[in-house]
Amino acid sequence: MKTDGVIFDLDGTLWDATKQICLAWNRVISSRPGLRPPLTAQELESYMGLPMDEISRRMFPDQSPQSQAALLEECCQEEHRALARQGGRLYPELERTLAALSAWAPLFIVSNCEDGYIQCFFQASGLGNYFKDFECFGATGLPKGENNKRIVARNGLRSPVYIGDTAGDQQAAGEAGIPFVFARYGFGQAQGRCEAIDSPAQLLDLLEPLESEGEGC
């Protein structure tokens, strides 16, 4: 696949922070007896890739929309503090892969996370210098498809590719009109046939630079 820009989803694609997030959110839940049962890792994984407002509705269905938003905001603030102390688990050979790709193509992140979460990833992982730009639902209020379009337009990309681990990521790539690569090692499933990888390092064999204008025969 020839490309001039690689856009990544975050959770399930670059790292797995499920354990840290689950512990942080449960600290908030446990501080309010009777709010809801403790969050499980399996439940949290089912939310990966969803916009934050949808997660709050599913987590706190008996609360008002205002309470849902406030509770999830408190969960996210506790999560940020936890991730600052201990980040998530990076997928194997991630830094080597990012270093090799960034040598010939700009790298980006588009996620449905809250504002500040991608910055936590950069701080905890030390990998922020490999990425040129990023966008998220928490900053724009827009879904991944629209945020992918923003990254493409803002950076003048002609043939980007989106790497993600859920059917929602696949749909977002389609909405943005860009090719999708399914991270099979993540949290979700893809629909139908598509390019797929079992580790980030496999991108080094799958992707190659887009020829510059005027290059070739």
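Here is a short chat about helix packing, cysteines and a few single residues in this predicted model.

Q: Let's start with the helices. How do you describe two packed helices in general?
A: By the angle between their axes, together with the distance between those axes.

Q: OK, so at what angle do H1 and H4 cross?
A: Helix H1 covers residues 18–30 and helix H4 covers residues 65–85; their axes cross at roughly 135° and come within 8 Å. H1 and H4 are therefore oblique to each other. The crossing is right-handed.

Q: Which residues of H1 and H4 meet there?
A: On the H1 side you have Gln20, Ile21, Ala24, Trp25, Arg27 and Val28. From H4 come Leu72, Glu74, Cys75, Cys76, Glu78, Glu79, Ala82, Leu83 and Arg85.

Q: And how does that contact split by class?
A: The contact of H1 with H4 has nine nonpolar residues, one polar and five charged.

Q: I spotted Arg81 too. Where is it found?
A: Arg81 sits in helix H4. Its C-alpha atom is 8.5 Å from that of Ala24, although the two residues are 57 apart along the chain.

Q: Is Arg81 buried, exposed or partly exposed?
A: Partly exposed, because its relative accessible area is 45%, which falls between the 20% and 50% cut-offs.

Q: Now H4 against H6. Are they roughly parallel or oblique?
A: Their axes cross at roughly 15° and come within 9 Å, so H4 and H6 are roughly parallel to each other. H4 passes H6 in a right-handed crossing.

Q: What makes the contact between H4 and H6?
A: Glu79, His80, Leu83 and Ala84 of H4, with Tyr117, Cys120, Gln123 and Ala124 of H6. By class, that contact has five nonpolar, two polar and one charged residues.

Q: Staying with H6, which of its residues are buried?
A: In H6, residues 117–125, the buried ones are Tyr117, Ile118, Cys120, Phe121, Phe122 and Ser125.

Q: What do those buried residues pack against?
A: Two helices, H1 and H4, plus strands S3 (15–16), S4, S5 (107–111) and S6 (133–136).

Q: And what follows H6?
A: Gly126, which has a positive phi, near 75°.

Q: Which residue other than glycine has a positive phi?
A: Glu93 is one of them, with phi near 60°. Glu93 lies in the loop between strand S4 (89–90) and helix H5 (94–102). With 46% relative accessibility, Glu93 counts as partly exposed.

Q: Switching to cysteines: how many disulfides does the structure hold?
A: Zero. Take Cys75, which is in no disulfide: the nearest cysteine sulfur belongs to Cys76 and is 6.8 Å away. A disulfide would need the sulfur atoms within 2.5 Å.

Q: Is Cys75 buried or exposed?
A: Buried, because its relative accessibility is 0%. Cys194, on the other hand, is partly exposed, with a relative accessible area of 30%.

Q: Last pair, H8 and H9. What angle do they pack at?
A: H8 (residues 144–154) and H9 (residues 167–176) pack at about 50°, with their axes 7 Å apart. H8 and H9 are therefore oblique to each other, and their crossing is right-handed.

Q: Who makes the contact there?
A: H8 brings Lys144, Gly145, Asn148 and Lys149, while H9 brings Asp169, Ala172, Ala173, Glu175 and Ala176. The contact of H8 with H9 divides into three nonpolar, two polar and four charged residues.

How values were computed:
Residues numbered from 1 in each chain as written. Predicted model: local features only at pLDDT ≥ 70, side-chain atom pairs only at ≥ 80, totals over all residues. Heavy atoms only, no water. Axes fitted to C-alpha atoms, helices over the stretch in contact; angles between N-to-C directions. Helix = DSSP H or I, 4+ residues; strand = E, 2+ residues; numbered from the N terminus. Parallel < 35°, antiparallel > 145°, perpendicular 65-115°, else oblique. Left-handed = near helix turned anticlockwise from the far one by under 90°. Contact = heavy atoms within 4.5 Å. Nonpolar A, V, L, I, M, F, W, Y, C, P; charged D, E, K, R; others polar. Buried < 20%, exposed > 50% of the residue type's maximum accessible area, 1.4 Å probe, protein only.
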